[in-house]
Structure formats: structure tokens, C-alpha cells
Amino acid sequence: MEQSAASNAKIEVRNLTKKFGDLLVLDRINFNIKKGELVAIVGPTGCGKTTFLNCMSKLTDTTDGDIFIDGVPADPVKHNLAFVFQEPTALPWRTVAQNVVYGMEVKGVPEKERAERLEYILNLVGLKDTADLYPNQVSASMMQRIAVARAFAVNPDLLLMDEPYGQLDVKLRFYLEDELVKLWQTLNSTVLFITHNIEEAVYVAERILVLTPKPTKVRAEVIVDLPRPRNFLDPRFVEIRRQVTELIRWW
Amino acid sequence: MAYQTVKARKSLKLRVLPWLSLTAVILIWQFCVSPPGVNDWRIPGVLLARPYDVLLLGIEKLTDVNPDGATLLVHAWVSLQESLSAFLLSLLVGIPLGLMMGWFGVVRGLFRPVFEMWRPIPPVAWIPLAIFWFGIGMEGKIFIIWLGGMTPCIINAYMGVKTTNPVHIQMARTFGASDWKIFTSICIPSALPMVFGALQIALGNCWTTLVAAELLASDQGLGYLITAGRSIGRTDIVVLGMISLGITGVIISQIIYRIEAKLLAGIRR
């Protein structure tokens with residue numbers, strides 16, 4: 001079993017490098033995430049955020065370096081990884097409840113535990129009343145809540161979220177961000193949240209990693225030690241948002 | 001608050017229109033064909049039977065075996081056995097094969113070249129070989145009809161898997177789903193609308209091939225009824241055979257449609 005250098009981190013990313021031919025996209029990225037931490041990643045458009053997340057989830061092979069979960073190289077079969085995509089991923093032939101249960105089915109969660117967790121998570125995200133409807137019968141925000149509920153339901157070692165609310169309007173986004181924070185706090189999950197929206201990052205995250213343009217590295221780490229629920233008008237909130245903006249601005 | 005599913009009802013106009021057009025076609029047809037023995041400006045009865053005469057013949061043929069040797073129900077039953085056996089065989093072989101060709105490279109590599117060579121050959125071209133292999137019994141006809149039903153099953157199932165939303169596959173992969181799990185839980189359900197499309201096309205192909213297959217020295221079946229009518233110059237028998245084929249096809253396709261509506265509740269509009 002391979003053991004990474006660092007020790008008490010839940011997730012360790014070591015020298016993560018990705019090349020497409022001669023194009024270097026990710027250049028030796030290093031960072032750790034503690035258990036139960038919600039980390040946001042922001043960066044300029046086209047810096048390779050999605051490639052980075054695809055490498056993290058093992059959807060794409062890395063050119064060099066690796067990701068360790070509890071000291072072991074990450075493997076979607078061994079570990080509980082979950083991914084919330086920007087696009088709707090609810091399976092149209094399954095009802096809301098059957099969609100939420102899908103990840104647990106794949107992970108082989110026993111049926112009794114599956115039913116208990118399903119009921120708990122449906123209540124938590126407010127999908128209980130729509131449990132028997134099909135995705136084409138619910139709203140866009142509910143579709144994304146299905147994906148979020150499905151991801152949290154497997155008690156993931158690492159939950160990766162790729163701009164999950166990027167396609168929703170501002171009001172729904174605020175609502176779902178609050179819901180995400182509630183889920184994360186209740187279930188004590190480890191979450192890596194990618195967004196191009198700096199305000200969203202400051203609102204949900206405990207720590208923000210700012211990426212550089214390609215070839216991408218971690219430019220800076222910003223600790224967000226604000227109390228919750230957070231207030232967009234809090235001068236400290238505004239100051240952190242300004243600080244992150246300064247770090248990623250290219251103009 | 002529990003969410004209620006509201007069922008949209010078809011408007012009266014949409015429910016009445018199909019019956020209206022059908023009735024209009026029958027009335028025009030009845031009016032444009034001369035009755036037997038009458039010689040006027042209309043289409044002579046020897047070239048096309050009137051719907052009313054066909055209806056009378058249909059009632060008579062429920063019990064009368066003359067002049068073609070069997071009642072209408074016996075002809076229909078024989079054709080149903082042949083075409084449904086062949087249709088089910090097409091589904092049983094074609095759909096799993098097409099689905100697996102869409103997902104597993106090895107299956108695609110093994111079967112695609114053979115399929116591509118076999119596909120352009122019309123099923124009727126196999127009739128001489130079918131006679132050598134199976135004789136002139138029901139098996140030979142089932143074989144010919146089966147060939148006609150296979151192509152849409154394979155193509156649609158294959159395309160159904162190929163057009164699976166890649167984000168659904170990625171989502172399953174991030175949960176650690178195996179190739180087989182992705183195939184069964186994502187690709188197959190996602191291919192179902194195309195597969196049900198194949199069922200309808202295959203059914204059409206099977207009925208079309210049926211008449212050709214019943215040219216194989218049959219003495220019963222709706223295809224035979226048509227050829228028997230032609231050989232004795234009775235257009236009413238020909239039309240009765242054609243209409244019986246049409247009605248039986250509609251009934252089967254309605255059954256498929258209802259099964260599809262139940263299974264694809266989340267996908268169909």
C-alpha cells in the first residue's frame with residue numbers, strides 16, 4: 001500500500017499534473033483537505049478547473065502525481081467518491097427516490113440501510129413530497145437537489161462539486177447554497193466545491209484555493225473564518241471577496 | 001404538501017379526427033367503385049372490391065372455408081403464429097445483440113462486419129435457401145420473417161446505447177460502477193425509447209415479409225389468402241386479406257404502445 005508524505009489530512013493532492021499532448025494544463029498542484037472541511041476552488045475562466053476535478057474524481061487519468069484518501073491512492077471502487085456535475089444528471093427513467101438511491105445501489109449499501117438513509121436525506125433536502133415523481137415532472141432546482149442528495153446519500157469520503165448551481169438563477173442559488181451548507185454541517189462530509197462565482201465561494205467555503213491561469217497551480221489559499229449564517233454585507237465578507245478577486249483578476 | 005400528477009386529456013377534436021378521416025376514406029372508396037354487374041364511369045368492381053362487399057365477405061369467411069380452403073380466423077391465426085414467433089425471435093436475438101454491440105467493443109468487433117454484410121440482403125433473397133434448409137413448413141417462413149425483423153432491432157438497440165448521455169455514464173463511474181453495472185443500469189434504460197421504436201419497425205417489417213414468406217407454397221395464412229384471391233381473380237378476397245393484415249398489425253402495435261407507455265413513464269412526453 002502506498003503511503004503519502006503527509007499524515008493527518010483526509011485528502012492529499014500531491015504533484016497533480018495533467019498534460020494534453022504538449023499542453024500543460026495542471027502543473028504540480030499540491031494541497032490537503034481535512035476531514036469534514038468544505039473547500040472551494042476558484043480560478044479564471046479556462047484555467048482547467050473542470051479538468052482538475054475530473055482528475056480528482058479519476059474520470060481522467062493524471063499525467064503525474066496522485067490523490068490520496070486516508071493515505072491510500074484514490075480509487076472510485078474502493079473509496080466513496082461522489083460528483084455533482086454542472087449539467088443535470090438525474091436519470092429520466094427513475095423516480096426522484098430511485099435517483100437518490102442510485103449511488104447507494106452501486107456502492108452495495110444493504111437494502112435496510114439504504115431505505116433508512118433515503119428517507120433521512122429526502123427529508124433533509126425537502127424532496128419527500130416529490131419522491132415518486134419523475135425528473136421531467138420537477139423543476140430545475142429540484143433536479144440539482146436530486147444530484148446533491150444522491151451524492152450525500154453515499155456518505156462520501158470526498159464530494160466533488162463542479163459549479164453545481166452555475167445554471168440556476170440568483171434566488172435559487174442562494175437557497176441551494178444554504179441547503180448545501182446545512183447538509184455539509186449535518187453530515188460532516190468533506191467537500192471540494194468548484195465555482196467561478198467568488199461570492200458563492202466566500203459564502204459556502206471554510207477555505208478557498210485560488211488557481212492561476214494555465215498552466216494551473218494553486219496561487220493562494222484564503223481562510224474564510226466567518227460565522228454562519230454568513231452575511232453578504234458583512235464588511236469582513238466583502239473584504240475576503242475583494243481579496244479573492246484581486247488574486248484571480250487578470251485585467 | 002404532496003404533489004399531484006395531473007393527467008392531460010386529449011381534446012375532443014383530436015379524438016374524433018382519426019375516426020372522421022377513416023370514415024371519409026371508406027365512404028369515398030365505396031362511392032368510387034361500381035357495384036358488381038354495373039358498368040359506369042366509376043372504377044370497375046373487377047379491379048377493386050367495394051368496402052361493403054369486403055365486409056360481407058369477411059362475415060361469410062368467419063365460417064365458410066371456400067374458395068381458399070380455410071376460414072378467415074384460421075388464416076389469421078396461422079399468420080399470427082408465423083409472424084409473432086419470428087417477431088419474438090427477432091427481439092430475443094436482435095435487441096441483446098444490438099445493446100451489447102453498442103457497449104462492448106469485443107462484441108462489436110465480432111459481429112459488426114458480419115452484420116454489415118448480411119444487412120443489405122433482402123429477406124426474400126433467402127427464400128431458396130430457406131426451402132433447402134427447412135422445407136416448405138412453418139419453420140422456413142419464420143426464418144424469412146425473422147431476418148426481416150432483426151435489422152431494426154440490432155440497429156436501434158445499438159444506436160440507443162451509443163447515444164446514452166455521457167454525463168450519466170460519468171456520474172455512474174464516479175460512484176465506482178463497473179462496466180456491467182453501467183451497461184445494465186444506465187445504457188439499457190437509456191436505449192429503451194430507441195428499442196421500442198425498433199419494436200414498431202420490426203413489427204412492420206415482419207408483416208411485410210409475411211406475405212412474401214407465404215409465397216413459399218403455403219396453403220393457409222393471410223398472405224396466402226391474398227395470393228389465392230389473385231389467382232382466382234377475386235379482388236374482394238385480396239382486399240379482405242390486406243385489411244385483415246392491417247387490423248392485426250394495428251392491434252399488436254397498440255399492445256406495444258401501451259407497454260411502452262408504462263415502461264417509459266419518465267422519458268415519454
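User: Helices (H or I, at least four residues) and strands (E, at least two) are DSSP runs, numbered from the N terminus. In the predicted model, where is Pro215(A) found?

Analyst: The model is predicted, and its peptide bond from Lys214(A) to Pro215(A) is cis, with omega near -10°. The position of Pro215(A) is given by strand E9 (207–211) and strand E10 of chain A, since Pro215(A) belongs to the loop between E9 and E10.

User: Which residue does a cis peptide bond join to Pro229(A)?

Analyst: Pro229(A) is located in the loop between E10 and H7 of chain A. Its cis bond has an omega of about -5°. The partner in that bond is Arg228(A).

User: How many residues apart in sequence are the parts that Asp225(A) and Arg236(A) tie together?

Analyst: A salt bridge joins the side chains of Asp225(A) and Arg236(A), at 3.1 Å from N to O. Asp225(A) sits in the loop between strand E10 (218–223) and helix H7 (235–248) of chain A, whereas Arg236(A) is in helix H7 of chain A, so the pair links parts whose separation in sequence is 11 residues.

User: Is Asp225(A) buried or exposed?

Analyst: The partner of Asp225(A) in the salt bridge is Arg236(A), which counts as partly exposed at 42% relative accessibility. The cut-off for exposed is over 50% relative accessible area. Asp225(A) has a relative accessible area of 51%, so Asp225(A) is exposed.

User: Which residue forms a salt bridge with Glu105(A)?

Analyst: The count of salt bridges between chain A and chain B is 1, while the structure holds 25 over all chains. In the salt bridge that involves Glu105(A), the closest N and O atoms are 3.7 Å apart. The residue of chain B in this pair is Lys181(B).

User: Which three residues supply 27% of the area that chain A buries against chain B?

Analyst: Contact between the two chains involves 29 residues of chain A and 23 residues of chain B. Together the chains bury about 2300 Å², with 68% of it on carbon and sulfur atoms. The 27% share, more than any other three residues supply, comes from Trp93(A), Tyr102(A) and Asp129(A).

User: Which element gives the most to the side of chain A that touches chain B?

Analyst: Between chain A and chain B, 3 residue pairs are in polar contact. On the side of chain A that touches chain B, strand E6 (81–84), helix H2 (96–107) and helix H4 (140–153) each supply at least two residues. The element that gives the most, with 5 residues, is H2(A).

User: How many residues come from helix H8 of chain B in the largest nonpolar core?

Analyst: The largest nonpolar core has 150 residues, and those with the most contacts inside it include Phe31(A), Met56(A) and Leu192(A). The largest share of this core belongs to helix H8 (residues 179–213) of chain B, and the count is 14 residues. Met56(A) itself touches several residues, among them Phe31(A) and Leu192(A). The share asked for is therefore that of H8, 14 residues.

User: Is Thr71(B) buried or exposed?

Analyst: Thr71(B) is placed in the loop between helix H2 (51–60) and helix H3 (72–103) of chain B. Leaving aside residues up to four places away in sequence, Thr71(B) touches Lys61(B), Leu62(B), Thr63(B), Asp64(B) and Val65(B). A residue counts as buried under 20% relative accessible area. The value for Thr71(B) is 13%, so Thr71(B) is buried.

User: How far apart in space are Ile59(B) and Met101(B), C-alpha to C-alpha?

Analyst: Ile59(B) is part of helix H2 of chain B, and with a relative accessible area of 52% Ile59(B) is exposed. In sequence, Ile59(B) and Met101(B) are 42 residues apart. In space, their C-alpha to C-alpha separation is 48 Å.

User: Which residues are linked with Asp70(A) in a network of salt bridges?

Analyst: Asp70(A) is in the loop between E4 and strand E5 (72–73) of chain A, and has a positive phi of about 50° although it is not a glycine. Its relative accessible area is 46%, so Asp70(A) is partly exposed. The residues linked with Asp70(A) in the network are Lys10(A) and Asp157(A).

Notes
Residues numbered from 1 in each chain as written. Chains lettered and ligands numbered in written order. Predicted model: local features only at pLDDT ≥ 70, side-chain atom pairs only at ≥ 80, totals over all residues. Heavy atoms only, no water. Buried < 20%, exposed > 50% of the residue type's maximum accessible area, 1.4 Å probe, protein only. Contact = heavy atoms within 4.5 Å. Core = buried A, V, L, I, M, F, W, Y, C linked by side-chain atoms within 4.5 Å. Buried area = accessible area lost by both parts, 1.4 Å probe. Salt bridge = Lys/Arg side-chain N within 4 Å of Asp/Glu carboxyl O. Polar contact = N/O pair within 3.5 Å; in protein donor to acceptor, adjacent residues only side chain to side chain.
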